[in-house]
Amino acid sequence: MSSPGRNGLPYNDAAGDISLSSRILRRIIPLTLSSILLLGLASYFVAKQQILGSINREISATARQAADNMAAFFNLRQEDALSLSGAVPLHDYLKYRDYGLKEEAAALRREISQSYALFARHKGVYSRISYCDAQGHEVAAATAAGPAAPRPERFPLPIPPRGETRHTDISPQGQGPGEILYWIGVYDDQRLARGSIVLVCDLRYARRILARFRIGKQGRALLVGAEGRELLFSGAAFASALSGKAAISGTPWSVTLEVKPDEFLAPLRKVGNWTIVFSIFIMVLMFLWVAYLVRLATRPISDMAEGTKKITAGNLDFRFIPPPVRELRVLGDAFNDMAKSLKERKLLLEARIRELSALRDMEGAVLQRQGEDNILRICLKAVAEGLDFDRTGLYWVDPAGQEIVGRYLYAAGDNILSELEFSKRRIPLGAEEILNEVIRTRTSLHVCDPKSDLRLNQAYIQEADTREFLMAPICGKDLVFGVLVADNRRSGRALKATDKDGLTVFANAAGLALENTTLFQRLSESEARYRTVLDNSPEAVLGLSREHWIATWNRGAEAIFGYSEAEIMGKPLNALFPPEAEKAFLQLAAEVMKKGSVRDFLLPGRARGGRLLDLSLSWGGAQPDFLMNKEWTVVIRDVTEARKLERQIIQSEKLSAVGRLIAGIAHELNNPLQGVIGYAQFLAADARLKNSEDVRFVYQSAMRCRKIIENLLLFVRQGGIEKRPVCVRKMVSAALELLDYKLHKAGAVRVVSEVPQSLPSVNGDFQQLQQVLVNLVNNACDAMAGRSGPKEIHIRALAAEDRVRLEVADNGPGIAPEHQARLFEPFFSTKDEGCGTGLGLAICRQIVADHGGTIGLSTGPGEGARFVIDLPAAAAPAKRAAKLPFFSRAPKGKAVLLVDDEPAILSLLSKVLCAEGCRVETASSLAEAVAKAGQKPFDLVVADARLGDGLGISLHEGWANHSPFPVPIFLFITGDALNIALEKAFAARSLPLLYKPVDIGVFRQAVRALLKGAPTRRGS
């Protein structure tokens, strides 16, 4: 059988018994199968060698790590033995035993056993720790559970040389824990051997170290001795194994790791099996693939016949897929060109129709004077629909922000870039960027390859996923409003010159519409902005005519003066000021005529109802020349509260400065007062003096001065609130002592105080509660200042359930009803101007509220005022400070270094210390004290906390640098009673601190208590 072939000649079918697919399969399948099998076998053997090599390296590295860990374990045991041999209690025990102090030696032996037990528990690896004497008998022993009784048998091993640790060998223990003994010699100060410390180390932790380094599920780790014996091991033994060995440094032992090879090679065998299966699968897949290719070679001819029918039916979008045969490809290309030409003619006609329709919509928007937003959105939609773009966008020029921003985006169908994301784009105006080029040149551009254009932001190009796009500026008469951009990202239609021309036409039409809209919009916005700013300003903004009549009145002016716009319009400006301000107003007008404008001119004003105001006025016009202005603008600020607050702040700063001045004066008085009190005590105790009563009077007067200073310091002291139980009786007494002069000497006020001794304490801050009481008593005293009859203040305290009530009442004129509601408001005062800040009662209420209490008022005209304070009682009574134990006299011969920069105090305290039997060295400066510290040892150092050339505490901190002798006991004195930081510094270091002027008896008791039990320093 024959069939026609090329040029009409028949094909020879003699060799056509075998199909083309069979011929291809005969050649491909054997080659493919053999290649896959050889590749699988080669991969298997290479992988096996690599795995075995990797296992051997891993075993060796792991064995080395295990050996290092075991070496660290054994080295730590030697360090433990060395540290125990140098323990101080053990050497003290040997000394006590040598001196025959049996009881002290027995106590130290028990302490040694306790410390060994604690050491064994802490380390967790010792089953027993003991100390054996030179004959090998156990003296003290302990286990992790506690001290143990000494064993009767002797320790058989000799005492090693000084500083050398020895250990026994490890005997094979099978699966048992195993033990090893470490011992070290104990030597006294004469280097004589006094015994050994023996540590019995349990090797269970060492076994866990070995178990941690096992490789694989069936591998095992061994500790091997010098002769190859297995001392410790983890895991069961097996026949064939891969192994690695590493010596333990510093010991005769080594670590061996063993692994079963089958455990790691089993997965490789599975790989081999799967290689065979995979080869068969590939063979079947190749056979099916070749059959598919044969059918695919004959398919283009039938496809061309079907395609011709679709084009004839009017489907101009159909395109032939280029077939692999050259002749068929030429025929298909011809049909494709014909369909493409027909479709282009059709699309061109439709585009012209859409363009004309879009221009008509744009013309309607311009004629209707729609808003800017509507015009721009209509423009984007018209461009997309009229010119057949998939996506259009508008970049807007923002002259105020000096940038170009993305404003609107229109897309037909799905869009990868949203309008919100597009609006986040910002390009600086004038930068080297393509948008600036379009704006600068006012010409349209066609960007064919955005990804290679250096003028573009590649992040924006990647975000928009655009391949090419057009740009056209929207121009007005004198400026460029923005730039239109368009592309065909979704359809992929190539952009042409006609698209660029069409986009330019639409951009020009949009520019014309925006030019007209912008003019009208700017006018409307300017008027609205002016009215909004004017009405929302908190200041009074007034517009004046040439004759200074009020022509504009905003809501700020209405709020300040109380007049509505209808009431004030057309009235002169001076209607807003009281008659007494006429002179200041004329001065203001003169300044305006002279300078053309005035800023922040202060003058009084008057609101509706006659309320007086403090005003700050700024007056100016459009022209600097006074006569050239046809209208004026006046801005008025109400500074009444600000001026009042300024006065209160000045008064508060004065009070704060007075407090600091009192603190400084008190600090300076404490030093000379210390000398007066001390020498008065000395003289009062001298029986030889005839005028001892006069001396006692001097002492009592000095103590009175001291009490006054203490109360002043307690009152002005500042710091964080520290709530603790406060004795109400003591707080009332301190407040009255503080006001003693004003009450009795200046005001002739009788104070009746009824505070029970058994009254519970309140939980709070002493200074703050004292401040409340001082304010109330001071106010009562001021209220009774003009009273002609007797003046009395009653202070009464009582307990009510779980609260404490404190009442302060006076027989003054009382408080008027109209003032009672505002009495606790800040800056409200019933006193004359300049006589009060108006903050006292407001602060009192805040302090009482912070303490969980309340404060109230009960009063009436002519009945006096009674303030009632309710405070929660403290949960428990306040604990008294622990007193120093009483000692009749300090131990004789103690060496004391006295440091103070006040000669009188130095002389006084030196006499006190000498009377106590101490050997006293004095220093008048920190440098002199440092010099004497290095010359001899001292038992006690008494130092002023603040010296002329430094701080006394620095002598304590740097004693080791200044002196080769041990640090003595320190006692500090100071006159700086308000230095909270100083108190905290001494409290943190547990250093005793006394405040000047200190009572001589208190000073003696402090010195005696500190020196009691201190060993006497034998110095020159």
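**Note on the predicted model**

1. In the protein chain, residues 24 or more positions apart account for 61% of the contacts with a separation of 6 or more. The model is a predicted one.

2. The protein chain has 1020 residues, and 40% of them count as buried. Its exposed area is about 57,000 Å², of which carbon and sulfur atoms supply 56%. The secondary structure comprises 27 helices and 37 strands.

3. One part of the chain to look at is an open sheet of six strands. The strand order is 5-4-3-8-7-6, and the pairing is antiparallel. Strand 5 (146-148) and strand 6 (165-167) form the edges, each pairing on one side only. On average, neighbouring strands of this sheet are turned by 20° against each other, direction ignored.

4. At one edge, strand 6 pairs with strand 7 (residues 179-187) in the antiparallel sense, over three bridges. Which residue of strand 7 is the bridge partner of arginine 166? That partner is tryptophan 183. In general, strands of a sheet pair through backbone hydrogen bonds, either parallel or antiparallel.

5. Two helices should be viewed together with this sheet. Helix 2 (residues 88-99) lies across strand 3 (126-132), strand 4 (138-143), strand 7 and strand 8 (193-202). Helix 2 runs at about 140° to strand 8. Helix 3 (residues 102-123) also packs on the sheet, where it touches strand 3, strand 4, strand 5 and strand 8. The direction of helix 3 makes about 35° with that of strand 4.

Conventions
Residues are numbered from 1 along each chain as its sequence is written. This is a predicted model: local features need pLDDT of at least 70, side-chain atom pairs count only at pLDDT 80 or more; totals for chains, interfaces and linings use all residues. Side-chain values use heavy atoms; hydrogens and water are left out. Helices (H or I, at least four residues) and strands (E, at least two) are DSSP runs, numbered from the N terminus. Buried means under 20% relative accessible area, exposed over 50%, partly exposed in between (1.4 Å probe, protein chains only). Contact means heavy atoms within 4.5 Å. Accessible areas come from the Shrake-Rupley method with a 1.4 Å probe; for residues, only the protein chains shown count as cover. Two strands pair if DSSP finds at least two bridges between them. Axes are lines fitted to C-alpha atoms, for helices over the stretch in contact, and angles run from 0 to 180 degrees between N-to-C directions.
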